[in-house]
Amino acid sequence: MGNLMTAPIAVDSSEDRTMILNMGPQHPSTHGVLRLVLEIDGEVVVRVSPDIGFLHTGIEKTCEAKFYQQVVPLTDRLDYCSPMHNNLCYCLAVEKLLQLEIPERAQWMRVLLAELTRLNSHLIWLGTHAMDIGALTVFLYCFREREQILRLFDDLAGQRMMMSYIRIGGLALEPPLDFFPRVRAFLKTMPEKIDEYENLLTGNPIFINRLKGVGLLSKEDAISLGVTGPPLRASGVDWDLRRDMPYSSYEKFQFKVPVSTGCDVWSRYVLRVQEMRESVKIATQAVDGMPGGPIKADAPKIVLPDREVMKTQMEALIHHFKIVTEGFGVPAGEVYQAIESSRGEMGYYVVSDGTAKPYRVHMRNPTFATLQSIEKMCVGRLIADVVAAIGSIDIVLGEIDR
Amino acid sequence: MGLVTETQENRDAVLAAHADHRAIAALTQLSPGAIQNAKYDRGELTLTIARESIIAACRTVQAAGYNFLVDVTCVDWYPNQPRFQISYHILSHSLHQRIRFAVLVEEGDPSVDSITGVWPAANFYEREVFDLFGVRFGGHPNLRRIMMPEDYQGNPLRKDFPVEGYR
């Protein structure tokens, strides 16, 4: 993990004006273990060089040694703020390889869970971003609502985080009986809560002054640097995979895609708050229109049978045994499946050689690419603005380092 | 079952069936042999590009409307030759279409030209491939390890590297 002497551009020592400042990997505003090597002239940033890899656990390599269904729990650990998006994206990729059709109820459930996950993730972002800027109260408010979402997930999957609830071929379990009423009650209160956060922040002159005109990223730079998600839309590109390349029946939902041309940290803040409101709308539509039917595809050689069926039917028991001990073969080929995660385009590139283990799994993670734009955002600005810029990218080191 | 359908593995069949595809049309115009091989499978188009013409091919499709580089990664086909397949995923915002470029690289000289001049986004991705597969990218502005420590030996994502590491 690079030492200072190998930083990309040689420091011009002739003038002797600049100094090197290490920010992270244990700095609280770097949200984990991001290390930024800053070259500063007084308090002005001359150069930024991100140093990543502290959390590298070789998940891509581990995937190659697991059966397809065993990879699902690994995907949770990438972007731990929005685990369901990882589950969903991986499962969609393998289902595309298998050419497996998913029942409508499972698809709608996936949309509902994806939007709850987005709310969850944006709440963490809002809380920590505001805290980085100095507004401590918002953090507590956001985590109050986040806790409600986590409790819903707990009831659903038995886990607060790392749910692994979305499986290849559908979902793990039928949701509990009181799940939908509880989600509906939560969604009903959510717009008021978002108003509450906005009361604290949107009109707050300190907050506005810290964010407006900071971390500028032009439309052209955003596209050429591979920036996706809210930072891309805040730079004026009207692109959202949920609407433009729909997956998992997103085409059946009505929602707006907020776009802004502010290009700064402030417009990313406003845009994400609008996105939270849209997520509430999508989730409400999903709860209201939730179709009946099975939550797993009818593919006994791929999807684990229900426990009850296993106790009465010999074939189900055999299939269960086979899937658990030998996995299932996936026809050879390569696919790339992308979804709009909370942070941008999350993509899984899965290559199969026909066996029960993936030949190669590569995750295209949104913040890995977006982190490259940090230099454009920060050069010529103050050190304090670096903190705001990092917050506006909404980095999660788990998915950057993999 | 069955979502998308037909698979075409043969180059000429794919080029004939997708003659009006913007990327294929642009690349065929660049040079008739620019596309070495083509595959249409599960709704995804994979075009195999000659190693030396990857920059020209990227510039061509960029001009044809494929404005966004999504991802660069590698697949190790060890012990088969050519060993490495570099995969480029490219997206068009205006056409709502994705294409994949594949460049095949031999084990003896694992290198390919860097496309950071076309899309600066390739910077981190190419560093990652260099770090984990040991494929070099000619003309890359900062080709260093990105995930593993600087003094690390070996390339963990190669197939001849054991999952549990060397002990």
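Biologist: What makes chain A score well or badly on pLDDT, and what is its average?
Modeller: pLDDT is the predictor's confidence in each residue, from 0 to 100. Chain A averages 88, and 96% of its residues score at least 70. This is a predicted model, in which local features need pLDDT of at least 70 and side-chain atom pairs count only at pLDDT 80 or more, while totals for chains, interfaces and linings use all residues. Residues are numbered from 1 along each chain as its sequence is written, with chains lettered from A and ligands numbered from 1 in the order in which they are written.

Biologist: Where in chain A does pLDDT stay under 50?
Modeller: Over residues 1-10 of chain A. The model still has 19 contacts beyond four places in sequence for that stretch; two residues are in contact if their C-beta atoms, placed from the backbone, lie within 7 Å.

Biologist: And which elements of chain B have the lowest and the highest mean pLDDT?
Modeller: Helix 1 (residues 11-17) of chain B is lowest at 77, and strand 4 of chain B is highest at 93. The chain B mean is 86, with 96% of its residues at 70 or more. By the way, helices (H or I, at least four residues) and strands (E, at least two) are DSSP runs, numbered from the N terminus.

Biologist: Why are helix 4 and helix 11 of chain A called roughly parallel or antiparallel?
Modeller: Check the angle! The axes of helix 4 (residues 104-133) and helix 11 (residues 265-288) of chain A cross at roughly 155° and come within 9 Å. Axes are lines fitted to C-alpha atoms, for helices over the stretch in contact, and angles run from 0 to 180 degrees between N-to-C directions. Under 35 degrees counts as roughly parallel, over 145 as roughly antiparallel, 65 to 115 as roughly perpendicular and the rest as oblique. Helix 4 and helix 11 of chain A are therefore roughly antiparallel.

Biologist: What makes up the contact of helix 4 with helix 11 of chain A, by class?
Modeller: There are 11 nonpolar, two polar and four charged residues. Ala, Val, Leu, Ile, Met, Phe, Trp, Tyr, Cys and Pro count as nonpolar, Asp, Glu, Lys and Arg as charged, and the others, Gly among them, as polar. Among the residues involved are W108(A) and L112(A) of helix 4 and R272(A) and M276(A) of helix 11.

Biologist: Why does helix 16 of chain A get a label of parallel or antiparallel to helix 4 of chain A?
Modeller: Helix 16 (residues 383-393) of chain A packs on helix 4 of chain A at about 175°, with the axes 9 Å apart. The two are therefore roughly antiparallel. Here T128(A), H129(A), D132(A) and I133(A) of helix 4 meet V387(A), A388(A) and G391(A) of helix 16.

Biologist: How do you know what helix 13 of chain A should span?
Modeller: The expected span is 1.5 Å times one less than the number of residues. Helix 13 (residues 314-326) of chain A has 13 residues, so it should span 18 Å, and its end C-alpha atoms are 18 Å apart, which agrees. Just after helix 13 of chain A comes G327(A), with a positive phi near 70°.

Biologist: Which residue other than glycine has a positive phi near 55°?
Modeller: That's Q99(A), in the loop between helix 3 (83-98) and helix 4 of chain A.

Biologist: What are the omega values of the cis peptide bonds at P79(B) and P82(B)?
Modeller: Omega is near 0° from Y78(B) to P79(B) and about -10° between Q81(B) and P82(B). P79(B) lies in the loop between strand 3 and strand 4 of chain B, and P82(B) lies in the loop between strand 3 and strand 4 of chain B too.

Biologist: How many residues does each chain bring to the contact?
Modeller: Chain B brings 35 and chain A 39. Strand 3 of chain B gives the most to its side, with six residues.
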